[in-house]
Amino acid sequence: MPYRRTAKVQERLDAQREMIVAAATRRLAEHGYGGCSVAAVAEGAGVAVGSVYRHFPTKAELVVHVFRQVVTREVEAVRAAAGGEDEPVERVLAVFETFAQRALKAPRQAYALLAEPVDALIDAERLEFRRAFTEVVAEHVAAGVRAGALPAQDGRLTAAALVGAAAEVLIGPLTSGNAGDVAELRTFVVRALGGSDARHA
């Protein structure tokens with residue numbers, strides 16, 4: 001009997017944790033990191049502030065957890081989009097276009113992931129975010145080089161440069177709502193890869 005009671009308590013705690021994470025995810029998407037206070041998350045989850053701290057000792061740890069879930073989802077989305085293309089250049093383009101489209105649909109969340117002032121713990125998580133995207137792009141660049149569709153190059157270096165540039169390009173549209181610069185991203189990526197503007201413009 002004691003074991004069954006303990007299991008039920010754990011089940012309730014797990015459910016409460018899920019509600020807290022869901023509320024934090026909503027707050028991040030709607031208000032960014034600055035608006036993702038522990039009090040606001042607690043209110044959104046329908047729990048006491050102390051309950052949030054029971055699961056996540058600091059706001060930074062809670063947001064890192066949310067970041068990891070969001071990043072996993074975004075990486076899966078761009079990987080799936082790239083998998084539907086035949087040519088290596090088009091696969092790389094699909095990664096950046098898909099990420100840009102999704103970012104512009106949730107600008108507060110994307111800005112938090114890319115550039116909003118945050119705690120050091122979350123800033124470190126951003127590096128993991130970029131590494132994950134870099135790996136996806138590097139796979140397709142390397143495939144393009146092997147197939148002779150792209151000139152010889154270091155796939156990881158090219159991918160890291162493209163991810164950094166794309167993140168920088170997106171900051172303006174995410175804060176201003178003007179997506180004009182994003183339209184030029186396709187041409188930039190093709191030129192950086194060494195592909196043909198005529199074929200991929």
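## A walk through an all-helix model

Start by colouring the chain by confidence: the mean pLDDT is 90, and 94% of the residues reach 70 or more. Keep in mind throughout that this is a predicted model. To see the two ends of the confidence scale, select helix α2, residues 38-45, where the mean is highest at 97. Then jump to helix α11, residues 197-200, where confidence drops to its lowest, a mean of 46.

**The whole chain**

Switch to cartoon view. You'll find 11 helices and zero strands, so don't waste time hunting for a sheet, given that strands would show up as DSSP E runs. Reading along the sequence, the pattern is simply α-α-α-α-α-α-α-α-α-α-α. Turn the C-alpha trace onto its principal axes and its span comes to about 70 × 40 × 25 Å. Colour by accessibility next: 42% of the 201 residues count as buried. If you like contact maps, plot one here. Among contacts between residues at least 6 apart in sequence, 67% join residues at least 24 apart.

**The nonpolar core**

Now for the inside. In soluble globular proteins, nonpolar side chains tend to be buried together. Here, the largest nonpolar core has 60 residues, and F96 and V137 touch the most other members. Which elements should you show to see where the core comes from? Those giving two or more residues are α1 (2-31), α2, α4 (59-83), α5, α6 (107-114), α7, α8 and α10 (185-193). Highlight α4 among them, since α4 gives the most, with 11 residues.

Zoom in on F96 and show its surroundings. Skipping neighbours within four places in sequence, F96 is in contact with V137, L162, V163, A166, L185 and V189. Note that V137, the other residue singled out in the core, is on that contact list.

**The cavity**

Stay where you are and turn on cavity detection. How many cavities of 30 Å³ or more does the structure hold? Just one, with a volume of about 110 Å³. To frame it, select V95, F96, F99, L114, F129, R130, F133, V137, V163, A166 and A167, which make up the lining. F96 and V137 turn up again in this selection.

Colour the lining by helix. Three of them each supply at least two residues: α5 (88-105), α7 (120-147) and α8 (155-176). The largest share, four residues, comes from α7. By class, the lining has 10 nonpolar residues, no polar ones and one charged. The charged one to click on is R130.

**Along α5 to E90**

While α5 is still displayed, pick E90, which sits in that helix. Is E90 buried or exposed? E90 counts as buried because its relative accessibility is 18%, and the cut-off for buried is under 20%. Try a distance label from here to A143: the two C-alpha atoms are 12 Å apart in space and 53 residues apart along the chain.

**The α1 and α3 contacts**

Move over to α1 and select Q16, which belongs to this helix. Q16 is buried, with a relative accessible area of 16%. Beyond residues up to four places away in sequence, Q16 touches V47, S51, R54 and H55.

Follow that list to S51, in helix α3 (residues 49-55). S51 is buried too, at 9% relative accessibility. Set aside its close sequence neighbours (within four places), and its contacts are Q16 and I20.

Step along α1 to R17, also in that helix. At 30% relative accessibility, R17 counts as partly exposed. Show its contacts, ignoring residues up to four places away in sequence, and you get H55, F56 and H65. H55 is also one of the residues that Q16 touches. For a distance check, draw a line from R17 to F67: C-alpha to C-alpha they are 15 Å apart, with their positions 50 residues apart in the numbering.

**Last stop: Q69**

Finish on α4, where you'll find Q69. Q69 is partly exposed, at 40% relative accessibility. Leaving out neighbours within four places in sequence, Q69 is in contact with V21 and T25. One more distance label, from Q69 to A142, reads 27 Å between C-alpha atoms, for residues 73 apart in sequence.

Methods: Residues are numbered from 1 along each chain as its sequence is written. This is a predicted model: local features need pLDDT of at least 70, side-chain atom pairs count only at pLDDT 80 or more; totals for chains, interfaces and linings use all residues. Side-chain values use heavy atoms; hydrogens and water are left out. On a 1 Å grid over the protein atoms alone, a cavity is a set of points where a 1.4 Å probe fits but cannot get out, and a pocket is an open set with protein on both sides within 12 Å along at least five of seven lines; lining residues have an atom within 4 Å of a point. Grid points are joined across faces, edges and corners, and a volume is the space filled by probe spheres set on the points. pLDDT is the predictor's confidence in each residue, from 0 to 100. A nonpolar core is a set of buried Ala, Val, Leu, Ile, Met, Phe, Trp, Tyr and Cys residues joined through side-chain atoms within 4.5 Å. Buried means under 20% relative accessible area, exposed over 50%, partly exposed in between (1.4 Å probe, protein chains only). Contact means heavy atoms within 4.5 Å.
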